[in-house]
Amino acid sequence: MDYSQFFNSALNRLHDERRYRVFADLERIAGRFPHATWHSPKGSRNVVIWCSNDYLGMGQHPKVVGAMVETATRVGTGAGGTRNIAGTHHPLVQLEAELADLHGKQASLLFTSGYVSNQTGISTLAKLIPNCLILSDALNHNSMIEGVRQAGCERQIFRHNDVAHLEELLIAAGPDRPKLIVCESLYSMDGDVAPLGKICDLAEKCGAMTYVDEVHAVGMYGPRGGGIAERDGVMHRVDIVEGTLAKAFGCLGGYIAGKAEVIDAVRSYAPGFIFTTALPPAICSAATAAIRHLKTSNWERERHQDRAARTKAILTAAGLPVMSSDTHIVPLFVGDPEKCKRASDLLLEDHGIYIQPINYPTVAKGTERLRITPSPYHDDGLIDGLAEALLQVWDRLGLPLHQKSLAAE
């Protein structure tokens, strides 16, 4: 039997649906972010990255790089095993304490990625709650969806950020049934924010636990970078906070934080935690340095918001279809998968600008877009150059501009 036919058929389906993904070979240069080297088929070229999740550029911060190098030099590279088998090293213990403090919780637990922390965290929590009903936001990340699925318990989906619909489901479940509400604080494709205060009100009223994914907000919102929950003054009302070290903190890993008994139960039962190697010491030290810095430094957050606001203003003034967003996410509507991919290719090949296309299944069909994420290091010249390049690409592909802009012309 020719097994290759099955895989070729699967790949052909992606090509036919214009969903086949091609990765750009990028080499970031510490101290020059957002500039990078693109190792293209035609040779190396300098490009500007406009879609990195290293939102604050902490991956190149001297304190973070220094902590990583010093720890690797002092104790070596790998963790040496799972947490149970010699992998609970001191830099990791320090990092978990730092994360618990960041979110004002009794304890935290590290995972190898934000994806794993959601996938195994949600499923383990729900399995430990008899007859648990999970209420999940319709636009939750795939990692959360997989965690909900793997829990194996009843689940209901509430309309995105619709607290009235959530309330209906909570009331219908009854006051005596255990319930777990899972949502994100900031949704990274549209850049919108969950009404965490109202969700906490409902949870308290109806006897539900809350689990909030803050991966796109930790480090970036709140006076110490605790996220949207800290910014909105509801951190103490959220039962479990989940976050990542791979975005604003510029490193690698995921975590959950909450009451000591909740975290200890997940630590003791979660397969995705128990049976995998711990994060290396150098990464833990680097993440700790990033968190400590952002707890006291507001320059990165303020500059970041300024850059995001200017990017939105310049692109909107140019007539480009910027989708509404109150956060640092700048989505640019395309609405066609093939043109979205083509726009990304033209920006990279002709203008040295890297923005990956966002197509289905990451977003719904018909809502394809370019997702732009300015950093504190995108200066005015880079923003102006982005607008000029986008206008040329839009014209070449026959993509529409805003009607207001066209009328003004």
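Strands here are DSSP runs of type E with at least two residues, numbered from the N terminus. With that in hand, Thr-244 can be placed in strand 9, which covers residues 240-244. Keep in mind that the model is a predicted one.

## Thr-244 and its surroundings

Let's stay with Thr-244 for a moment. Its relative accessibility is 3%, and because buried means under 20%, Thr-244 counts as buried. The side chain has polar partners on the backbone. A polar atom of the Thr-244 side chain sits 3.0 Å from the backbone nitrogen of Ala-246, and the side chain also reaches the backbone oxygen of Gly-253 at 3.1 Å.

What does Thr-244 touch once neighbours within four places in sequence are left aside? The contacts are Gly-114, Val-215, Val-218, Phe-249, Gly-253, Gly-254 and Tyr-255. Gly-253 therefore turns up twice, as a contact of Thr-244 and as the owner of the backbone oxygen that the side chain reaches.

## The chain as a whole

Stepping back, the chain has 16 helices and 14 strands. Its radius of gyration is 22 Å, close to the 22 Å from the globule rule for 409 residues, so the chain is as compact as a globular protein of that length. Measured out along the principal axes, the C-alpha atoms fill a box of roughly 60 × 60 × 55 Å. Of the 409 residues, 52% count as buried.

The chain exposes about 18100 Å², and carbon and sulfur atoms supply 53% of that area. As for contacts with a separation of 6 or more, 71% of them come from residues 24 or more positions apart. On the charge side, there are 41 positive and 46 negative side chains, and the centres of these two sets lie 2 Å apart.

## Helix 6 and what it packs against

Helix 6 runs over residues 142-151, and its buried residues are Ser-143, Met-144, Glu-146, Gly-147, Val-148 and Ala-151. A bit of helix geometry is handy here: an α-helix has 3.6 residues a turn, so residues three or four places apart point the same way.

Which elements do the buried residues of helix 6 pack against? One is a helix, helix 5 (114-127). The others are strand 5 (133-137), strand 6 (154-158), strand 7 (179-184) and strand 8 (208-213). Just after helix 6 comes Gly-152, with a positive phi of about 75°.

## Two partly exposed residues

Thr-276 belongs to the loop between helix 11 (271-274) and helix 12 (281-296). Buried or exposed? Neither quite fits: with a relative accessible area of 28%, Thr-276 is partly exposed. Not counting residues up to four places away in sequence, Thr-276 touches Thr-82, Arg-83 and Thr-112. Gly-81 is 195 residues from Thr-276 along the chain, yet their C-alpha atoms are separated by 7.8 Å.

Ala-97 is a helix residue, placed in helix 4 (residues 90-102). Its relative accessibility is 49%, and exposed means over 50%, so Ala-97 counts as partly exposed. Ala-97 and Ala-257 are 160 residues apart along the chain, with 10.0 Å between their C-alpha atoms.

## Backbone details

Two cis peptide bonds, each leading into a proline, are worth finding in the structure. Here they are with their omega values.

| Peptide bond | Omega | Place of the proline |
|---|---|---|
| Phe-33 to Pro-34, cis | near 15° | loop between strand 1 (26-28) and strand 2 (35-40) |
| Tyr-360 to Pro-361, cis | near 10° | loop between strand 13 (357-358) and strand 14 (369-372) |

There are also positive phi values outside glycine. Asn-131 has a phi of about 60° although it is not a glycine, and Asn-131 lies in the loop between helix 5 and strand 5. Helix 5 and strand 5 are both among the elements that the buried residues of helix 6 pack against.

Asn-161 is another such residue, with phi near 55°. This asparagine is found in the loop between strand 6 and helix 7 (163-173).

How do Asn-131 and Asn-161 stand, buried or exposed? Asn-131 has a relative accessible area of 53% and is exposed, whereas Asn-161, at 19%, counts as buried. The cut-off explains the call for Asn-161: buried means under 20%, so 19% falls on the buried side.

Conventions: Residues numbered from 1 in each chain as written. Predicted model: local features only at pLDDT ≥ 70, side-chain atom pairs only at ≥ 80, totals over all residues. Heavy atoms only, no water. Helix = DSSP H or I, 4+ residues; strand = E, 2+ residues; numbered from the N terminus. Buried < 20%, exposed > 50% of the residue type's maximum accessible area, 1.4 Å probe, protein only. Contact = heavy atoms within 4.5 Å. Rg over C-alpha atoms; globule rule 2.2 N^0.38 Å. Areas by Shrake-Rupley, 256 points an atom, 1.4 Å probe, with all protein chains shown as cover. Lys, Arg positive; Asp, Glu negative; His and termini not counted. Charge placed at Lys NZ, Arg CZ, Asp CG, Glu CD. Polar contact = N/O pair within 3.5 Å; in protein donor to acceptor, adjacent residues only side chain to side chain.
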